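Shall we learn to read a protein model together, one feature at a time? Here is the model to keep open while we talk.

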Amino acid sequence: PTFDGHEGVVISAPGAAVACVPLWCRSSRQLMNGTSMASPCAAGSVALLLSGVAAAVADAEAGKAGSDPRLKGVGKPSPWRVRRALEATAKPVKAGGDSEEGENDDDASPLTYGRGLVQIPAAFDYLIRDLAEKTPDARYEARVRRVGDAAGSGRGLLIREPLDSASGTVTATVTISPRLHEDADVATQAAVLEHALVLTTTRPGWISAPKSLLLPHGGRSFEIAVDVSKLGPGLHYGEVLATDAAAGWRGPLARVPITVVIPEKVETLLAVGGGGGGGGAERKEGGKEELSQGGGGGDAVARLGSLPMSPGKETRRFLAVPEGATWAVLRLKVPPAVSSSSSSSSSSSSSSPHPPPRNFLLRLTQHSPATRYSDTEARSMAGAVPAGGEASLACAVSGGGTLEVTASQFWSS
């Protein structure tokens with residue numbers, strides 16, 4: 001998530017193995033990937049949505065047969081109507097997280113894909129109904145301020161560092177306010193004078209919130225509680241959703257994203273002898289990944305175990321950096337190739353005796369107040385790593401904080 005707790009990604013669009021490429025590439029087809037592919041796909045999808053809505057409104061204005069007369073005079077949909085339609089109808093995508101170590105695939109999904117893949121036919125139906133029923137044309141803003149935190153409010157709640165969760169329960173004040181366009185007419189302003197919201201939590205086991213909220217025009221605040229003592233190591237994500245009590249079909253009008261990171265404790269690290277630099281350690285059997293964190297009194301080694309890798313799969317782990325550590329080295333080693341004799345003796349084995357080299361993306365990330373990500377993280381594309389080969393990444397760290405370790409195999413590898 002972002003520094004202020006927002007999930008960062010709202011919707012997703014196809015962005016890998018895109019074969020349709022522009023003419024200036026002078027190629028009939030080419031596999032391309034990234035946000036450079038996903039963004040035009042999303043933009044074109046929204047353009048198609050707006051074109052369809054405009055045509056439906058024009059048909060209603062002209063009184064054509066089969067058109068919805070309720071669309072007369074509705075005008076153009078506002079940006080927040082369009083965004084709400086896209087979010088409410090997106091198809092959820094399951095993230096390929098490492099659920100064995102406390103990270104839940106469903107937890108990681110909104111942080112990776114947002115609400116999911118855009119679904120234009122469903123978004124069109126939603127937007128037509130939203131316009132026809134003349135629901136309040138307002139944007140509902142949620143701001144979160146942790147109790148006792150003077151840093152100000154944010155768009156969500158992020159509990160990441162070890163000290164953040166030391167108390168066991170974190171409380172925060174949430175304020176939801178309806179926002180109207182400055183040119184909104186009197187009828188639109190009157191529509192949001194007061195209405196009832198139903199509050200629900202996606203993780204009731206560790207997130208507590210009121211059941212309902214009567215929201216006036218000026219907004220209203222309420223408190224939530226996050227019991228981090230019930231959570232194990234890894235990433236945990238939940239939301240508080242505010243839904244219109246009189247029109248539940250509209251989906252959440254406001255969301256409060258809550259992300260909790262419980263790092264693996266320092267006691268799980270194996271202290272080994274070494275110099276004062278950023279020394280490493282050799283991999284043991286089993287295809288394990290290790291992280292060496294250098295400090296003045298010797299190195300500490302975190303053995304992350306065997307990481308199941310497949311194209312497009314992302315594995316994320318969190319470590320509590322030992323006090324005094326100043327440097328971290330991530331080492332990832334690919335298991336050796338299966339010998340021809342062993343592969344022939346086991347007909348059920350799917351391992352290839354000569355697997356092709358693979359490409360991996362490695363990243364180490366720490367948060368530091370008032371510091372941009374690029375100054376506190378290191379990333380590397382390790383290309384063409386053969387069986388039995390090794391990739392590594394090093395970066396400076398601050399003791400006492402949380403270090404995020406991310407490893408993924410490239411989608412085409």
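What follows is a short dialogue between a learner and a teacher.

Q: What kind of model is this, and how are its residues numbered?
A: The model is predicted, so to speak of local features we need pLDDT of at least 70, side-chain atom pairs count only at pLDDT 80 or more, and totals for chains, interfaces and linings use all residues. Residues are numbered from 1 along each chain as its sequence is written, and side-chain values use heavy atoms, with hydrogens and water left out.

Q: How many helices and strands does the chain have?
A: Helices (H or I, at least four residues) and strands (E, at least two) are DSSP runs, numbered from the N terminus. Here there are 6 helices and 18 strands.

Q: What share of the chain counts as buried?
A: Buried means under 20% relative accessible area, exposed means over 50%, and partly exposed lies in between (1.4 Å probe, protein chains only). By that rule, 43% of the 413 residues are buried.

Q: Why does the length of helix H4 agree with what one expects?
A: The expected span of a helix is 1.5 Å times one less than its number of residues. Helix H4 (residues 120-132) has 13 residues and should therefore span 18 Å, and its end C-alpha atoms are indeed 18 Å apart.

Q: Which residues of H4 are buried, and what do they pack against?
A: An α-helix has 3.6 residues a turn, so residues three or four places apart point the same way. The buried residues of H4 are Ile120, Ala123, Tyr126, Leu127, Ile128, Asp130, Leu131 and Ala132. They pack against helix H1 (35-62) and helix H2 (79-89), where contact means heavy atoms within 4.5 Å.

Q: Where does Lys134 sit, and is this residue buried or exposed?
A: Lys134 lies in the loop between H4 and E1. Its relative accessibility is 53%, so Lys134 counts as exposed. Although Lys134 is not a glycine, its phi is positive, at about 50°. Ala384, in strand E16 (residues 377-385), is also not a glycine and has a positive phi of about 55°.

Q: How do I read the two faces of strand E1?
A: In a regular strand the side chains alternate between the two faces of the sheet. In E1 (residues 139-146), Tyr140, Ala142, Val144 and Arg146 point to one face and are buried. Arg139, Glu141, Arg143 and Arg145 point to the other face and are not buried.

Q: Which strands pair with each other in the sheet that holds E1?
A: Two strands pair if DSSP finds at least two bridges between them. Four strands form an open sheet in the order E1-E3-E7-E5, with antiparallel pairing. Its edge strands are E1 and E5 (207-208), each paired on one side only. E1 and E3 (residues 169-179) share 8 bridges; across this pair, Ala142 stands opposite Ile176, and Val144 faces Val174.

Q: Which residues have the most contacts inside the largest nonpolar core?
A: Nonpolar side chains in soluble globular proteins tend to be buried together. A nonpolar core is a set of buried Ala, Val, Leu, Ile, Met, Phe, Trp, Tyr and Cys residues joined through side-chain atoms within 4.5 Å. The largest one has 30 residues, and those with the most contacts inside it are Ile176, Phe222, Ile224, Val226, Val256, Ile258 and Val260. Strand E9 supplies the largest share of this core, 6 residues. A second, separate core of 24 residues includes Val321, Leu330, Val334 and Leu393.
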